[in-house]
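Please read the following walk through one protein model with the coordinates open beside the text. The paragraphs move from charged contacts to a bent helix and then to aromatic rings.

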Amino acid sequence: MKLIEHAIERLTIIFGSAVLVMMVLQIVVDVSMRTFADKGLTATSELVSHYYMVMVSFLPVAYSELRRRHVEATIFTDYLNLKKRLVVELFGFVLSVLIYGILCWGTLQEALSNTAKGAYIESGVTVFYTWPSYWILPVSFGLMTFVLTFRVISTFSQFFNGRIDTQAASPNALNITVTEGEK
């Protein structure tokens, strides 16, 4: 399971970084060309708004969960014992799997529909295909559903095996794991 989580983290970081670099370079080149040559790159704003920004916004959702960096309101659960806190956490993960699964299904239907139609927008005299951008959301939500399913299995097994990880269950823990090579 750790191997899969590590692969998801690495792929998200590499892909996200590449998208950010491409977006910045395209915008810099477009602005420079508009300033010095009085003509910019075709469909830069469409590419940025339909592809780059969607990827930058939604692809890191699963990565944030893997790093346990989503916002958690623990004002009430801080006073629970570890077993009860684990039950609340399990309920939250199950609810999240359902919600992200529904989001994945809905956006997948939208992506299939727009792919079948060959969705596009017109940018001046250029036809700019937008249907591939509709696949970013189902991939992102599907990845999050996958990660949360692992969280449910892990929390469920922790609860029923009686081996509660006090470090992970601690409300003040940063949940940082150190691998053998980092010690």
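In which helix do arginine 34 and aspartate 30 both lie, and how many residues apart are they? Both belong to helix α1, where four residues, about one turn of the helix, separate them. The model is a predicted one, and in it the side chains of arginine 34 and aspartate 30 meet in a salt bridge with an N to O distance of 3.1 Å. The two partners differ in their surroundings, since aspartate 30 counts as buried at 7% relative accessibility, whereas arginine 34, at 49%, counts as partly exposed.

A search of the whole structure gives seven salt bridges. One of these joins the side chains of arginine 151 and glutamate 5 at 3.6 Å, N to O, and this pair links distant parts of the chain, with arginine 151 in helix α5 and glutamate 5 in helix α1 (residues 2-36), 146 residues apart. Arginine 151 also forms a salt bridge with glutamate 65, for which the closest N and O atoms are 3.0 Å apart. Because arginine 151 lies in helix α5 and glutamate 65 in helix α3 (residues 60-66), this pair ties together parts that are 86 residues apart in sequence. Arginine 151 is buried at 12% relative accessibility, glutamate 5 is buried at 8%, and glutamate 65 is buried with a relative accessible area of 7%. Together with Lys2, the residues Glu5, Glu65 and Arg151 are linked in a network of salt bridges.

Helix α2 (residues 44-58) can be taken next: its 15 residues reach 20 Å from the first C-alpha to the last, close to the 21 Å expected at 1.5 Å a residue. A kink of about 30° in α2 is nevertheless present, centred on tyrosine 52. Tyr52 is also among the buried residues of α2, a set that includes Leu47, Val48, Tyr51, Val54 and Met55.

Helix α4 (residues 82-117) offers two positions to compare. Threonine 107 has its place in α4 and is buried, with a relative accessible area of 16%; its C-alpha lies 10.0 Å from that of serine 140, which is 33 residues away in sequence. Alanine 116 lies in α4 as well, but this residue is exposed, with a relative accessible area of 71%. The C-alpha atoms of alanine 116 and tryptophan 131, 15 residues apart along the chain, are separated by 8.6 Å.

Tryptophan 131 leads on to a nonpolar surface patch of about 480 Å², which is made by Tyr120, Val127, Tyr129, Trp131 and Tyr134. Within this patch, valine 127 lies in strand β2 (residues 126-129) and is partly exposed, with a relative accessible area of 42%.

The structure holds six aromatic pairs. Tyrosine 120 and tyrosine 129 form one that is edge-to-face, with 6.2 Å from centre to centre and 65° between the planes. Both tyrosines are partly exposed, tyrosine 120 at 45% relative accessibility and tyrosine 129 with a relative accessible area of 48%. Phenylalanine 156 and phenylalanine 160 form a tilted pair, their centres 4.6 Å apart and their planes at 55°. Both of these phenylalanines lie in helix α5 (residues 136-161), four residues apart, about one turn of the helix. Phenylalanine 156 is partly exposed at 44%, while phenylalanine 160 is exposed at 54%. Ring pairs also link Phe58, Tyr100 and Phe141 into a cluster.

How values were computed. Residues numbered from 1 in each chain as written. Predicted model: local features only at pLDDT ≥ 70, side-chain atom pairs only at ≥ 80, totals over all residues. Heavy atoms only, no water. Phe/Tyr/Trp six-rings, centres within 6.5 Å; stacked < 30°, edge-to-face > 60°. Buried < 20%, exposed > 50% of the residue type's maximum accessible area, 1.4 Å probe, protein only. Helix = DSSP H or I, 4+ residues; strand = E, 2+ residues; numbered from the N terminus. Patch = residues over 30% accessible without salt bridge, like charges linked within 9 Å, V, L, I, M, F, W, Y side chains within 5 Å. Areas by Shrake-Rupley, 256 points an atom, 1.4 Å probe, with all protein chains shown as cover. Salt bridge = Lys/Arg side-chain N within 4 Å of Asp/Glu carboxyl O. Expected span 1.5 Å × (residues − 1). Bend = angle between axes of the 7 residues up to and from the residue.
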